[in-house]
Amino acid sequence: MLRRLIFCTLLFLTVFRFPSAAQSRSEKEKSPASKAANSSADKPGTVESRVEQYLRNLYAWGPTFDVKVGPSKPSPIPDLLEVPVTVSMAGQSDTAVVYVSKTGNFLLRGELADMSIDPFAETRSKLHVGTSPSMGPEDAKITLIEFADFECPSCRQLDLILRELLPRHPEVRLVFKHYPLADIHPWAMTAAIASQCALQQSPAAFWKMHDAIFDSQDLISPSNVWDKMQDLAKQLGLNADTYQACIIDPEVTTQVKANIEEGRTLTINATPTTFVNNRRVVGPDKSAIEQYITFEQVHK
């Protein structure tokens, strides 16, 4: 939450105060005095110094805030410098970019977009269907690539949305990518491995396992996940010997981790995150997905 407050302050001029209650800090953490000494204010007269002084005054960032500004670099607009700003407090931090005139008199916050290039080109270069499980026509004009976590309640909500939406759009292809958030979802990686082992037997088996895991989400726990995955495999009629050999094969974990790495290159911070022809949708946002599908049907 603290990171979000800092980030929103930089981007949207939100005025906020942090609680005044004392908080314990580790001995290794710098004192306010040492933080201030190491800040960019030590360079009086520079663009970085002026930006820091302005922002500290605007948001009442006192010595308990560590503010690092710069280094500045030329922006795509000749008269503006691109200046990163990192604000830290109580062990949390976030970074935003501001644009400053070379004279140091004007500061602009927001996202700078080059309208001469395709806004989805970078995302397109990082998204790859590869051997990921999919349903729908391979030559579809519209592709949904979903990064999801089987233990994530919001991912289950999206799954229910897609079960209703996709039959109405047989022209759309859905691609599933594993993105288990193991730090907060302790059985998600196990479920991802189990579904990959179903995929090894057939694409249809994957989607049956996919649906079964989401349908059983409330019944699965870290203590029973392996037994539940075995039960689901048996109920789906998977070959037991092939399945058993698969779930202990380290290559399957490597496949899941490759999905995770792909998601990290796309800066995915939450699940589910879906790309509709490279347009990002975070969360089970049915209206946004339908809006993008409708747009792409007309303009693709």
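**Notebook: strands, helices and cores of a predicted model**

I began with the sheet, where five strands form an open arrangement in the order 6-8-7-9-10, with mixed pairing. I noted strand 6 (134–135) and strand 10 (279–282) as the edge strands, since each pairs on one side only. I record here that the model is a predicted one.

**Entry 1: inside the sheet.** I looked up how strand 7 (residues 142–148) meets strand 8 (residues 172–178), and found parallel pairing over seven bridges. Within this pair, Glu146 stands opposite Phe176 of strand 8. I then asked which strands helix 5 (residues 153–165) touches as it packs on the sheet. I found contacts with strand 7, strand 8 and strand 9 (273–276), and the direction of helix 5 makes about 155° with that of strand 7. Helix 10 (residues 250–265) lies across strand 7 and strand 8, and runs at about 105° to strand 8.

**Entry 2: the nonpolar cores.** As background, I noted that nonpolar side chains tend to be buried together in soluble globular proteins. In this model the largest nonpolar core has 54 residues, of which Leu144, Ile213, Met229 and Tyr243 touch the most other members. Helix 6 (residues 188–201) gives the most to this core, namely eight residues. I followed Leu144 further, setting aside residues up to four places away in sequence; among the residues it touches are Leu162, Val172, Leu174, Phe275 and Ile293. A second core, separate and of 15 residues, includes Val83, Val87, Val98 and Val100.

**Entry 3: the antiparallel strands.** Strand 3 (residues 80–89) and strand 4 (residues 92–101) run antiparallel and are joined by ten bridges. Leu80 has Ser101 of strand 4 as its bridge partner. Two residues lie between the strands of this hairpin, and Ala90 takes a positive phi near 55° there. Strand 4 also pairs with strand 5 (residues 107–109), again in the antiparallel sense, over three bridges. Here Tyr99 stands opposite Leu108 of strand 5. The hairpin of strand 4 and strand 5 has five residues between the strands, and Gly104 takes a positive phi near 80°.

**Entry 4: Ser88.** I located Ser88 in strand 3. Is Ser88 buried or exposed? Its relative accessibility is 18%, and the limit for a buried residue is under 20%, so Ser88 counts as buried. Leaving aside neighbours within four places in sequence, I found Ser88 in contact with Thr64, Phe65, Asp66 and Ser93.

**Entry 5: helix 8.** In helix 8 (residues 225–235) I listed Val225, Met229, Leu232 and Ala233 as the buried residues. They cover an arc of only 100° around the axis, and therefore lie on the same side of helix 8. The face turned away from that side carries the exposed residues Asp227, Lys234 and Gln235. Which helices do the buried residues of helix 8 pack against? I found helix 6, helix 7 (203–215) and helix 9 (240–247). Gly237 follows helix 8 and has a positive phi, near 75°.

**Entry 6: the whole chain.** I closed with the totals for the protein chain, which holds eleven helices and ten strands. Of its 300 residues, 43% are buried. Among contacts between residues at least 6 apart in sequence, 63% join residues at least 24 apart. The accessible surface comes to about 16600 Å², with 54% belonging to carbon and sulfur atoms.

Conventions: Residues numbered from 1 in each chain as written. Predicted model: local features only at pLDDT ≥ 70, side-chain atom pairs only at ≥ 80, totals over all residues. Heavy atoms only, no water. Pairing = 2+ DSSP bridges. Helix = DSSP H or I, 4+ residues; strand = E, 2+ residues; numbered from the N terminus. Contact = heavy atoms within 4.5 Å. Axes fitted to C-alpha atoms, helices over the stretch in contact; angles between N-to-C directions. Core = buried A, V, L, I, M, F, W, Y, C linked by side-chain atoms within 4.5 Å. Buried < 20%, exposed > 50% of the residue type's maximum accessible area, 1.4 Å probe, protein only. Areas by Shrake-Rupley, 256 points an atom, 1.4 Å probe, with all protein chains shown as cover. Arc of directions from axis to C-beta.
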